[in-house]
Amino acid sequence: MKNRILLISRAFAVLVGAITLGFIILGLTQNVELFKPADIVLGFILMSTAIIPRPKLACLGMLIGYSYTAGVFSLSITASFLDGVINIASTVGLIVCITHIYMLCRWLLRF
């Protein structure tokens, strides 16, 4: 069970990072110039920490990555809301990040 949680979080870290970078590359993000640097950084952090072989270091790295990503998605949701738009993609991403932050914290505290 413990390894499955870490494996799922690793997979979602790569997925969220890749999707976010894809949105930037394809120009599907609102305010691309505002979010481009943050999205590139979060994609790099999530995908690089997901492949760290040592479980505890990977967990800590993904906690940092998911926390950073939750902040970026929160800002994106707020910016979209102020423009009068509901940003479904960032909202789903935020929910995924919060879920994985919770799961990784529980995983880390079990040791």
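In helix α2, the buried residues are Phe 35, Ala 38, Asp 39, Leu 42, Gly 43, Leu 46, Thr 49 and Ala 50. I start there, and I should say at once that this is a predicted model.

Staying with α2: the helix runs over residues 32–50, which is 19 residues. From first C-alpha to last it reaches 25 Å, close to the 27 Å expected at 1.5 Å a residue. There is a bend of about 25 degrees at Ala 38, one of the buried positions I just listed.

Next, α3. This helix covers residues 55–82. Its 28 residues should span 40 Å at 1.5 Å a residue, and the end C-alpha atoms are 40 Å apart, so the two values agree. After α3 comes Gly 84, with a positive phi near 85 degrees.

Lys 56 belongs to α3. Is Lys 56 buried, exposed or partly exposed? Its relative accessible area is 45%; buried would need under 20% and exposed over 50%, so Lys 56 counts as partly exposed. In sequence, Lys 56 and Leu 108 are 52 residues apart, yet their C-alpha atoms are separated by 7.1 Å.

Now the core. The largest nonpolar core has 21 residues. Those touching the most other members are Leu 6, Ala 13, Leu 46, Cys 59, Met 62, Tyr 66 and Leu 104. At least two core residues come from each of α1, α2, α3 and α4. Which helix has the largest share of this core? That is α3, with eight residues. Leu 46 has already come up, among the buried residues of α2. As general background, nonpolar side chains tend to be buried together in soluble globular proteins.

Last, the pocket. The largest one has a volume of about 380 Å³. It is lined by 22 residues, and the closest to its centre are Ile 19, Phe 23, Phe 73, Ala 89 and Ser 90. By class, the lining has 13 nonpolar residues, eight polar and one charged. Each of the four helices, α1 (2–26), α2, α3 and α4 (88–109), supplies at least two lining residues. Which helix gives the most to the lining? Here it is α1, with six residues.

To put the two side by side: α3 supplies the largest share of the core, while α1 gives the most to the lining of the largest pocket.

Methods
Residues are numbered from 1 along each chain as its sequence is written. This is a predicted model: local features need pLDDT of at least 70, side-chain atom pairs count only at pLDDT 80 or more; totals for chains, interfaces and linings use all residues. Side-chain values use heavy atoms; hydrogens and water are left out. The expected span of a helix is 1.5 Å times one less than its number of residues. The bend at a residue is the angle between axes fitted to the seven residues ending there and the seven starting there. Buried means under 20% relative accessible area, exposed over 50%, partly exposed in between (1.4 Å probe, protein chains only). On a 1 Å grid over the protein atoms alone, a cavity is a set of points where a 1.4 Å probe fits but cannot get out, and a pocket is an open set with protein on both sides within 12 Å along at least five of seven lines; lining residues have an atom within 4 Å of a point. Grid points are joined across faces, edges and corners, and a volume is the space filled by probe spheres set on the points. Ala, Val, Leu, Ile, Met, Phe, Trp, Tyr, Cys and Pro count as nonpolar, Asp, Glu, Lys and Arg as charged, and the others, Gly among them, as polar. A nonpolar core is a set of buried Ala, Val, Leu, Ile, Met, Phe, Trp, Tyr and Cys residues joined through side-chain atoms within 4.5 Å.
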